[in-house]
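The exercises below are meant to be worked with the sequence and the coordinates side by side. Try each task before reading the solution that follows.

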Amino acid sequence: MSFSTLIGLFAGVSIVLIAMAMGSSISLFVNVPSLMIVIGGTIAATMIRFSMKESFNAIGMSFCVLKVDNQIKDLNELVDITEDLLRISRQKGSLAMEGYEINHEFYQAGIRMLVDGYAPELVKQTLKEKKRLLVDKAETSAGVFRAIGEAAPAFGMMGTLVGLIQMLTNLSDPSSIGPAMAVAMLTTLYGAMIANLFALPTADKIESWVQGESYRQMMIIEAIDSIAQGHNPAVMRDLLAPYVHGNKRQVAKDG
């Protein structure tokens, strides 16, 4: 899991739990009917809006985004790798690139296609389609988590209404007021926590990740095309320079 994600998740959960423990026992905030309403209702609403496949893809995408990713992210390193591959290809032919290890699946897939003798235009077209599919999948996955973020508070409010109705219909029985009030209050709490500590941050994380990965893949497509065309290394660096400098400006803007 990325360092910032780990810190944010740990800090958010810890602050809420400490606040609960300071006022009373944490066990007071555990209510099964409330959990059933919020979690069950949220899952049902999400499954109505999205297919089973899209929902499971979203779960897989969340693990992909949140886990530690050892793939190359430094664009200058990608330029250096491209220069190495370009020199190998120009001097020894495309087959010689087969033994060169690249710690990036997308880049490795493109080089494998060149080694297998695919036409440069077909390689470029195939890689662009892979990039488009990744972006589409990520956008859908982010949409699933945004749907969860919208549904959880809504079902929290529904649970609150259920608890209030139960309480108002049993005012003559003091023993039923406490459990009904617990359902009324805790469902709102559960819905807010699911939305703001899990669903919405995950949606934002997926969108941020795919934006960066799509940018890298655009650069890789140009790099592989440069290798296929047999460009001079200096020409290749000029072609890829806008991606490197553009990324630096974006990082400075975001920072």
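**Exercise 1. Which elements make up the protein chain, and in what order do they run from the N terminus on?**

Step 1. In this predicted model, the elements run α-α-α-α-α-α-α-α from the N terminus on.
Step 2. Counting by type, the protein chain has eight helices and zero strands.

**Exercise 2. Work out how the dimensions of the protein chain compare with those of a compact globule of 255 residues.**

Step 1. For a compact globule of 255 residues the radius of gyration would be near 18 Å, whereas the protein chain has 26 Å.
Step 2. The spans of the C-alpha trace along its principal axes are about 90 × 35 × 30 Å.
Step 3. Turning to the surface, the accessible area is about 14,300 Å², and carbon and sulfur atoms account for 64% of that area, while 37% of the 255 residues are buried.
Step 4. Of the contacts with a separation of 6 or more, 79% are made by residues 24 or more positions apart.

**Exercise 3. Find the largest nonpolar core and say which helices supply at least two residues of it.**

Step 1. The largest nonpolar core holds 27 residues, and those with the most contacts inside it are Leu85, Tyr107, Ile111, Met219, Ile224 and Ile227.
Step 2. At least two residues of this core come from each of helix 4 (75-92), helix 5 (105-115), helix 6 (120-169), helix 7 (174-229) and helix 8 (233-254).
Step 3. Apart from this core lies another, of 17 residues, which includes Ala199, Ile206, Trp209 and Val210.
Step 4. As background, nonpolar side chains in soluble globular proteins tend to be buried together.

**Exercise 4. Decide whether helix 5 is mostly covered or mostly open, and identify what covers its buried residues.**

Step 1. Nine of the 11 residues in helix 5 are buried, so the helix is mostly covered, given that buried means under 20% relative accessible area.
Step 2. The buried residues are Phe106, Tyr107, Gln108, Ala109, Gly110, Ile111, Met113, Leu114 and Val115.
Step 3. Their cover includes helix 4, helix 6 and helix 7.
Step 4. For one of these residues in detail, and leaving out residues up to four places away in sequence, Tyr107 touches Leu78, Ile81, Thr82, Leu85, Ile102, Ile220, Ala223, Ile224 and Ile227.
Step 5. Just after helix 5, Gly117 adopts a positive phi of about 90 degrees.

**Exercise 5. Classify Gly159, Leu75 and Leu95 as buried or exposed.**

Step 1. Gly159, in helix 6, has a relative accessible area of 0% and is therefore buried.
Step 2. Neighbours within four places aside, Gly159 is in contact with Ile37, Val183, Ala184 and Thr187; Gly159 and Thr188, 29 residues apart in sequence, have their C-alpha atoms 7.2 Å apart.
Step 3. Leu75, in helix 4, is also buried because its relative accessible area is 4%, and its C-alpha atom is separated by 18 Å from that of Leu127, which is 52 residues away along the chain.
Step 4. Leu95 belongs to the loop between helix 4 and helix 5, and with a relative accessible area of 62% Leu95 is exposed.
Step 5. The C-alpha atoms of Leu95 and Ile111 are separated by 9.8 Å, with their positions 16 residues apart along the chain.

Definitions and conventions:
Residues numbered from 1 in each chain as written. Predicted model: local features only at pLDDT ≥ 70, side-chain atom pairs only at ≥ 80, totals over all residues. Heavy atoms only, no water. Core = buried A, V, L, I, M, F, W, Y, C linked by side-chain atoms within 4.5 Å. Buried < 20%, exposed > 50% of the residue type's maximum accessible area, 1.4 Å probe, protein only. Helix = DSSP H or I, 4+ residues; strand = E, 2+ residues; numbered from the N terminus. Contact = heavy atoms within 4.5 Å. Rg over C-alpha atoms; globule rule 2.2 N^0.38 Å. Areas by Shrake-Rupley, 256 points an atom, 1.4 Å probe, with all protein chains shown as cover.
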